[in-house]
Every structure is written in structure tokens, then in C-alpha cells.
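These exercises are worked with the sequence and the structure side by side. Try each task before reading its solution.

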Amino acid sequence: MIRQATMDDVEIISALIANYAQQGLLLPRAVQSICETLLNFRVAELDGKVVGVAALHILGDDLAEIRSLAIEGSAQGMGLGKALVAELFDLAELLRIPRVLALTYQEAFFTRCGFHVIEKGTLRQKIWKDCIHCRKFPICDEIAMIRHTSAATLKNEVADGGVRDQAAGGADAKPEDLFISTRLSALM
Ligand SMILES: CC(C)(COP(=O)(O)OP(=O)(O)OC[C@H]1O[C@@H](n2cnc3c(N)ncnc32)[C@H](O)[C@@H]1OP(=O)(O)O)[C@@H](O)C(=O)NCCC(=O)NCCS
């Protein structure tokens, strides 16, 4: 069962995230930060016990990120990770957010969830808002993956795939795009 997280779940959420953060698979989250953003979190229950967690974090008017996705080892492979992602994707749909992002090492899993790989350099909001504060920046080897909701327009979809042309000096490239693309390819 997937449900909204409550304050009763904070301890187990923190432990689930910490376990994978130690392995470098997730970014650590302080208990205070989990409490402050509790509305973003959903948990997966198995036999009345919380065994999984994930959160949807809004980055801007056209982008939300799936964060802190963690399923306890013994509960993996049962479809709970996919169910959590589906729940958060539906939330993004409900909120009319065009694109849902995952930064991940789990490319095969997110492909099964309907995501596709994009260039990290296209994620300006994410990079300037969060990545520059991350300990992995600028050497980040996570894969950026996107799934569009029904709120996506052609512009959103082109933006995810079109930056390579812009970076290569395509006819529609804006000076700002070229600057950011050049800087990011130097850093990443
Ligand atoms: C990645 C993770 C969330 C997957 O959760 P899960 O509950 O085990 O995955 P599910 O059972 O929902 O699998 C959904 C689908 O993805 C596939 N899948 C899951 N993990 C996979 C993997 N590592 N490689 C390939 N396919 C995988 C499953 O076979 C299944 O395919 P199907 O749709 O054809 O049945 C879980 O393994 C985990 O918590 N890993 C450690 C933390 C982590 O890496 N989190 C992601 C950070 S972005």
C-alpha cells in the first residue's frame, strides 16, 4: 500500500534514506528537512510496516524531481518502487507539472517506470538551485531521466532533447543557452 507519510514515519524514513546515502546511492536528508517537507513524502507499507519511501520536490513551474526513493532490501523486486514512482507521477499530473525528473544510477528501473535519459545540461533550474550545493558537484555521474506528464507542451519536450543542437551552435541557440551549455560541459 502506498500512502502519504506522517510524522510517525519520520524515523523509519530517515533510516531508509540513511542506509542508501551511506552507499552513495541517495543524498542524505536531515530529520529536520524530512519533517519540513513531509507533505512531499509517500511511503510504501508491507504487512503494516513501512518498507519504502519517495518524495516529489517541485523545482519550478515546469519541473518536479523524484527524491529519496528507497525500498528496504527484503522488499525489493515486489513492485513497490514502481508503485511509489507512479503515485508521485500522478501527483505531478494532478498539479499540472509538465516534467518529472530523476537523477539516478538506476537507469533500467526508471526506464521501466516510463522515464527516458536526457542531457543534464538542459536542467538549468536544478543545476543552479540545487546541484551547486551538492557535494557531488561538479563531478556528478548520476543519470538525468525525465517523464512528461499530460501538461507537457512541445516546448518542454523539445527542451529536453534540443540542447545538443543549441550547444553545437544550432540556428536557434540563444547566447544564454550557449554560455550555460559550455560551462556545464566543462564542469560535468
Ligand atoms: C531502485 C529501487 C527503488 C527499485 O525498487 P523495487 O521496488 O525493487 O523495484 P520494482 O519491484 O518496483 O521494479 C519495477 C521494475 O523495475 C525493474 N527493476 C528494478 N530494479 C532494477 C534494477 N536494478 N535493474 C533492472 N531492472 C530493475 C523490475 O524488474 C521491474 O520491472 P517490471 O516492470 O518489468 O516488472 C530499489 O532497488 C532501491 O531502493 N534501491 C536502492 C536505492 C536507490 O538506488 N534508489 C534510487 C535512487 S534515484
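**Exercise 1.** In which strand is Ser-68 found? State also whether Ser-68 is buried or exposed.

Solution. First, the basis of the work: this is a predicted model, in which local features need pLDDT of at least 70, side-chain atom pairs count only at pLDDT 80 or more, and totals for chains, interfaces and linings use all residues. Residues are numbered from 1 along each chain as its sequence is written.

Step 1. Helices (H or I, at least four residues) and strands (E, at least two) are DSSP runs, numbered from the N terminus. Ser-68 is found in strand β4.

Step 2. A residue is buried if 20 or more other C-beta atoms lie within 10 Å of its own, exposed if 12 or fewer, and partly exposed in between, with C-beta atoms placed from the backbone. Ser-68 has 25 C-beta neighbours inside 10 Å, so Ser-68 is buried.

Step 3. Look at the backbone as well. Ser-68 is not a glycine, yet its phi is positive, about 50°.

**Exercise 2.** List the elements of the chain in order from the N terminus.

Solution. Step 1. Count by type: there are seven helices and seven strands.

Step 2. Read along the chain: the order is β-α-α-β-β-β-α-β-α-β-α-β-α-α.

Step 3. Add the burial. The chain has 188 residues, and 32% of them count as buried.

Step 4. Add the contacts, where two residues are in contact if their C-beta atoms, placed from the backbone, lie within 7 Å. Among contacts between residues at least 6 apart in sequence, 66% join residues at least 24 apart.

**Exercise 3.** Describe how β2, β3 and β4 pair, and find the residue with a positive phi in the hairpin of β2 and β3.

Solution. Step 1. Two strands pair if DSSP finds at least two bridges between them. Strand β2 (residues 41–46) and strand β3 (residues 49–60) run antiparallel and are joined by six bridges. One bridge links Ala-44 to Gly-52 in β3.

Step 2. Between β3 and β4 there are seven bridges, again in the antiparallel sense. Here His-57 has Glu-65 in β4 as its bridge partner.

Step 3. Check the turns. The hairpin of β2 and β3 has two residues between the strands, and Asp-47 takes a positive phi near 50° there. The hairpin of β3 and β4 also has two residues between its strands.

Step 4. Asp-47 lies in the loop between β2 and β3. Asp-47 counts as exposed because it has 7 C-beta neighbours inside 10 Å.

**Exercise 4.** Compare the expected span of α1 with the distance between its end C-alpha atoms, then locate its buried residues.

Solution. Step 1. The expected span of a helix is 1.5 Å times one less than its number of residues. Helix α1 (residues 10–22) has 13 residues and should span 18 Å; its end C-alpha atoms are 18 Å apart, which agrees.

Step 2. The buried residues of α1 are Ile-13, Ser-14, Leu-16 and Ile-17. Seen down the axis, they fall within an arc of 165° (taken from the directions from the helix axis to the C-beta atoms), so they line one face of α1.

Step 3. Recall the rule: an α-helix has 3.6 residues a turn, so residues three or four places apart point the same way.

Step 4. Glu-11 and Gln-22, on the other side of α1, are exposed. The cover over the buried residues of α1 includes α2 (31–36), β2, β3 and β4.

Step 5. Just after α1 comes Gly-24, with a positive phi of about 75°.

**Exercise 5.** Repeat the span check for α3, then examine Ala-83.

Solution. Step 1. The 15 residues of α3 should span 21 Å, and the end C-alpha atoms are 21 Å apart, which agrees.

Step 2. Buried residues of α3 include Leu-84, Leu-88 and Ala-92.

Step 3. Ala-83 is found in α3 too. Ala-83 has 18 other C-beta atoms within 10 Å, so Ala-83 is partly exposed.

Step 4. Leaving out residues up to four places away in sequence, Ala-83 touches Ile-2 and Ala-44. The C-alpha atoms of Ala-83 and Met-1 are 8.7 Å apart, although 82 residues separate the two along the chain.
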